[in-house]
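Trainee: Hey, got a minute to walk me through this one? I'd like to start with a loop.

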Amino acid sequence: MSSIKHTVVIVGYGGMGSYHTQLIKESDRVIVSGAFDLLEDRRTLAAEAGYTAYSSYEEVLADPDVEIILIATPNDVHKDIAVRAFQAGKHVVCEKPVAMSSAEFTEMQAAADAAGRVLMVHQNRRWDEDFRVIKEMYEKETIGSLFQIESRVHGANGIPGDWRHVKAQGGGMLLDWGVHLLDQLLFMIDSKVTSVSSSLSFILGNDVDDGFEAILQFENGIKAIVEVGTTNFITLPRWYVKGLEGTAIIEDWSLRGRMVTRNNASEKIEPTPIRAGVGLTKTMAPPSEGSTITEDLPAASELSSSFYDNLAAVIEGTAEPIVKNAEVLRVLVLIEAIFEAAEKNETIKNFDIYEA
Ligand code: NAD
């Protein structure tokens with residue numbers, strides 16, 4: 001492995017931009033040298049943290065020591081900042097959602113290709129442990145072949161009081177959180193999305209969605225329900241997945257959860273009917289004793305490298321990107337189908353650009 005450290009300048013030194021300094025410290029292949037933000041107080045913070053605080057983006061682009069531009073601005077300016085970076089011969093790491101549309105992303109990719117530079121999108125939630133546990137269960141069929149995957153994030157704080165309220169800046173929860181949950185699903189499930197239906201919520205009266213629900217049907221039979229809410233004072237589990245042999249639940253990011261599977265060693269005993277409410281049911285009675293097994297969740301599957309170690313290897317030409325741009329484009333196309341399905345109140349088909 002090469003010992004060269006690749007130099008990054010952060011453009012947009014806000015919440016996520018400054019957080020990247022911590023992420024980059026975890027890699028010994030990449031180093032932050034400076035930052036640029038439109039706001040003077042953010043530039044001052046960067047200088048206080050020991051980074052070169054550039055006074056303009058032109059100054060960043062003109063600095064030959066800057067190899068990589070990390071874009072962590074609001075979404076509407078990602079494309080222009082990226083295209084100018086490629087024209088100046090820099091590599092780009094861009095925050096999610098990489099662009100406001102698939103057309104914008106295609107322009108960014110064309111600029112990267114023309115310059116022969118790397119464009120990598122920070123779809124960091126591929127590394128989340130809760131997701132990797134589900135991915136492990138999907139691949140190993142721990143609870144049998146999965147046929148339903150429900151992926152949710154719920155909060156009760158509304159949309160944060162920043163640009164995320166503003167449609168023209170790429171606000172709204174489908175672009176903000178949806179892009180993560182959809183990226184995880186498409187990364188995991190090796191099958192085409194055959195149809196999507198959805199609804200967006202505008203409970204808080206903004207011109208952008210404060211949450212959404214989308215139902216995706218995959219060609220291999222899996223149905224996925226994806227939901228983001230910002231008005232949920234009681235949250236539903238992060239993951240609820242059903243397989244032919246069992247069911248699993250992950251409550252939250254601390255990985256509280258369990259899986260319950262059919263006990264094939266036990267002889268089949270009919271459940272005893274129970275009184276439920278004012279009625280009687282055998283169908284909904286708990287399984288009879290010994291007919292199921294409750295276990296801890298399996299350990300998470302590993303990705304081959306951290307995001308920044310992978311970036312360094314991609315720049316050096318020694319590895320394939322873990323986050324591939326064809327996959328990023330596919331997620332943007334899916335997001336567009338979800339917007340269209342909600343707007344028309346229709347099921348949308350024949351849109352997925354998946355290639356087996
Ligand atoms: P933020 O508002 O906290 O920070 C954005 C910063 O960009 C601000 O300081 C602003 O002054 C600056 N800025 C705006 N336009 C600029 C320009 N043209 N040039 C230079 N600086 C400019 O926003 P945030 O929460 O940090 O989000 C930034 C990006 O990071 C968004 O794309 C968001 O979706 C993404 N994000 C990703 C994650 C993740 O987990 N991957 C988490 C949070 C945010």
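Mentor: Sure. Find Glu141, which lies in the loop between helix 6 (129–140) and strand 7 (146–154). One thing before we go on: this is a predicted model.

Trainee: Okay, found it. What is the phi of Glu141 near?

Mentor: Phi of Glu141 is near 55°, so to speak on the positive side, in a residue other than glycine. As background, most residues other than glycine have a negative phi.

Trainee: And is Glu141 buried or exposed?

Mentor: Glu141 counts as exposed, because it has 12 C-beta neighbours inside 10 Å and the cut-off for exposed is 12 or fewer.

Trainee: What about Asn350, what is its phi?

Mentor: Asn350 isn't a glycine, yet its phi is positive, about 55°. Asn350 lies in the segment after strand 17 (348–349). Asn350 counts as exposed because it has 8 C-beta neighbours inside 10 Å.

Trainee: Switching topic: which peptide bond is cis?

Mentor: Look at the bond from Lys96 to Pro97: it is cis, with omega near -20°. In general, most peptide bonds are trans. Pro97 lies in the loop between strand 5 (91–95) and helix 5 (102–115).

Trainee: How does strand 5 run relative to strand 6, parallel or antiparallel?

Mentor: Strand 5 and strand 6 run parallel, joined by 4 bridges. To see one pairing, go to Val93, whose bridge partner in strand 6 is Met120.

Trainee: Which way do the residues of strand 6 point?

Mentor: From strand 6 (residues 119–122), Leu119 and Val121 point one way, while Met120 and His122 point the other way. All of these are buried.

Trainee: What does UniProt list for residues 8–122?

Mentor: An unreviewed UniProt entry lists them as "domain: Gfo/Idh/MocA-like oxidoreductase N-terminal". In the model, that span is 43% helix and 23% strand, and its end C-alpha atoms lie 14 Å apart.

Trainee: There's a ligand too. Which residues are closest?

Mentor: The closest are Gly12, Gly14, Gly15, Met16 and Glu95, out of 24 residues that surround the ligand. Helix 1 (residues 15–25) gives the most to that shell, with 3 residues. By class, the shell has 10 nonpolar, 8 polar and 6 charged residues.

Trainee: Now the sheet with 9 strands. What is its order?

Mentor: The sheet is open, with mixed pairing, and the order is 16-13-12-11-7-10-9-8-17. Strand 16 (292–295) and strand 17 are at the edges with a single partner strand each, so one side of each has no neighbour in the sheet.

Trainee: And what packs on that sheet?

Mentor: Helix 6 does, touching strand 7, strand 11 and strand 12. The direction of helix 6 makes about 5° with that of strand 11. Then there's helix 7 (residues 173–188), which lies across strand 7, strand 8 (193–201), strand 9 (211–218) and strand 10 (223–229), at about 150° to strand 10.

Trainee: How many bridges join strand 11 to strand 12?

Mentor: There are 5 bridges between strand 11 (residues 239–243) and strand 12 (residues 246–250), and these two run antiparallel. Val241 stands opposite Ala248 of strand 12.

Trainee: Last one: where is Leu280?

Mentor: Leu280 sits in strand 15 (residues 279–281). Leu280 counts as exposed because it has 10 C-beta neighbours inside 10 Å. Leaving out residues up to four places away in sequence, Leu280 touches Pro273 and Arg275.

How values were computed:
Residues are numbered from 1 along each chain as its sequence is written. This is a predicted model: local features need pLDDT of at least 70, side-chain atom pairs count only at pLDDT 80 or more; totals for chains, interfaces and linings use all residues. A residue is buried if 20 or more other C-beta atoms lie within 10 Å of its own, exposed if 12 or fewer, and partly exposed in between; C-beta atoms are placed from the backbone. UniProt positions are given in the numbering used here, feature names are shortened, and annotations may be inferred rather than shown by experiment. Two strands pair if DSSP finds at least two bridges between them. Two residues are in contact if their C-beta atoms, placed from the backbone, lie within 7 Å. Axes are lines fitted to C-alpha atoms, for helices over the stretch in contact, and angles run from 0 to 180 degrees between N-to-C directions. A residue is near a molecule or strand if its C-beta atom, placed from the backbone, lies within 6 Å of it. Ala, Val, Leu, Ile, Met, Phe, Trp, Tyr, Cys and Pro count as nonpolar, Asp, Glu, Lys and Arg as charged, and the others, Gly among them, as polar.
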